[in-house]
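Take a walk through the model shown here, from its hollow spaces to a few single residues.

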Amino acid sequence: MSKEKKKHSRIGLIILILILLLLLLALGFICYKYFFNNESDELETQYNEQTQLFAKISPDEDTNKNLLSDALAINSQTVAWISIPDTTIDYPIVQCEDNDYYIDHSFEGEYYQLGCPFLDYRNSSDFSDFNSIIYGHNWSNKYVFAALLDFKNQTYFEEHSQGTLTLPDELYTVSFFACVVVESDSFLYSVNLPAKSDRITYLKQVQESAVASIDFEPEDYADKRLIILSTCSRDSGNSRTALVGYIND
């Protein structure tokens with residue numbers, strides 16, 4: 001075979017390899033889109049099923065029985081229900097012996113990527129601690145606690161500054177006073193702060209980390225029971241967006 005023919009043969013082989021690579025890439029992309037869309041559709045279906053369930057078992061205001069009786073009948077680890085009007089946050093709150101299980105389990109205890117909002121295992125289930133921390137996923141800026149990201153806007157924050165916390169025997173109003181952006185190892189996730197000086201320091205750090213808030217004096221909130229709703233965000237690194245409020249006793 002002449003050198004010229006060998007050259008053309010090599011060029012033809014290279015072109016064939018490139019065409020095959022492009023076909024493989026195209027096939028991979030089509031498969032990815034197919035499985036991604038199927039997964040998204042399945043997730044949407046599961047989310048809608050959970051939402052419909054929650055609508056059926058939301059707190060019963062009949063004072064003759066437990067306010068959370070319907071939720072407790074399905075999951076005995078239910079400790080509360082959190083709701084913020086005119087947002088998608090309207091969920092039962094569960095608690096177990098760790099902060100891992102409900103990351104990927106539904107309210108009914110089945111595997112579920114969106115998980116279920118849960119109270120930090122270190123907290124008292126009756127919300128008697130200085131700061132009670134509730135975690136929930138932010139999935140695709142759409143599901144579960146994704147609505148917390150909206151509170152970084154000062155106007156939105158001011159328009160949605162009240163919520164409700166339902167315990168088995170009492171319904172409380174929650175007043176939100178700050179939305180903060182912090183890292184996952186932040187001071188915000190400290191619990192058990194019996195000293196008033198530590199609680200004031202904690203509140204000062206909340207004030208300094210706030211991206212939206214009302215004017216408040218840390219000293220005035222040191223004896224209140226705080227509620228922190230926390231979710232993942234993508235502001236920087238391993239950041240978290242959290243909404244901080246207090247229970248109106």
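Which helix gives the largest share of the lining of the largest cavity? Helix α1 (residues 3–57) does, with 4 residues. Helices here are DSSP runs of H or I of at least four residues, strands are runs of E of at least two, and both are numbered from the N terminus.

A word on the ground rules. This is a predicted model, in which local features need pLDDT of at least 70, side-chain atom pairs count only at pLDDT 80 or more, and totals for chains, interfaces and linings use all residues. Residues are numbered from 1 along each chain as its sequence is written, and side-chain values use heavy atoms, with hydrogens and water left out.

Now the confidence. The chain has a mean pLDDT of 89, and 87% of its residues reach 70 or more. Over residues 31–38 the pLDDT falls below 50, and this stretch has 0 contacts in the model beyond near neighbours in sequence. The pLDDT is the predictor's confidence in each residue, from 0 to 100; a contact means heavy atoms within 4.5 Å. Where pLDDT is low, the predicted coordinates should not be read in detail.

Next, the overall build. The chain holds 5 helices and 11 strands. Of its 249 residues, 43% count as buried. Buried means under 20% relative accessible area, exposed means over 50%, and partly exposed lies in between (1.4 Å probe, protein chains only). Among contacts between residues at least 6 apart in sequence, 59% join residues at least 24 apart.

Back to the empty spaces. The search uses a 1 Å grid over the protein atoms alone. A cavity is a set of points where a 1.4 Å probe fits but cannot get out; a pocket is an open set with protein on both sides within 12 Å along at least five of seven lines; lining residues have an atom within 4 Å of a point. Grid points are joined across faces, edges and corners, and a volume is the space filled by probe spheres set on the points.

The whole structure yields 1 cavity of 30 Å³ or more. The largest cavity has a volume of about 60 Å³. Its lining includes Y47, Q50, T51 and F54, as well as Y91 and V144. By class, that lining has 7 nonpolar, 3 polar and no charged residues. Ala, Val, Leu, Ile, Met, Phe, Trp, Tyr, Cys and Pro count as nonpolar; Asp, Glu, Lys and Arg count as charged; the others, Gly among them, count as polar.

The pockets come next. The largest pocket holds about 290 Å³ of space. It is lined by 16 residues, and I103, F118, Y135, C232 and R240 are the closest to its centre. Strand β10 (residues 226–232) gives the largest share of this lining, 3 residues. The classes are 8 nonpolar, 7 polar and 1 charged. The second largest pocket has a volume of about 160 Å³. Among its lining residues are Q46, E49, Q50 and L53, together with Y111 and Y112. Here the split is 3 nonpolar, 3 polar and 3 charged.

Turn to S239, in strand β11 (residues 239–248). S239 counts as buried because its relative accessibility is 1%. Not counting residues up to four places away in sequence, S239 touches V181, V182, E183, C232, S233 and R234. E183 is 56 residues from S239 in sequence, yet their C-alpha atoms are 4.2 Å apart. A polar atom of the S239 side chain lies 3.0 Å from the backbone oxygen of S233.

H160 sits in the loop between α3 (154–159) and β7 (162–167). Is H160 buried or exposed? At 10% relative accessibility, H160 counts as buried. Leaving aside neighbours within four places in sequence, H160 is in contact with I84, P85, D86, T87, F151 and F176.

Two backbone angles close the tour. F127 has a phi near 60°, a positive value in a residue other than glycine. F127 belongs to the loop between β3 (118–119) and β4 (131–135), and it counts as buried at 1% relative accessibility. N192 also has a positive phi, near 60°, and is a residue other than glycine. N192 is placed in the loop between β8 (170–183) and α4 (196–209). With a relative accessible area of 53%, N192 is exposed.

Notes. Polar contact = N/O pair within 3.5 Å; in protein donor to acceptor, adjacent residues only side chain to side chain.
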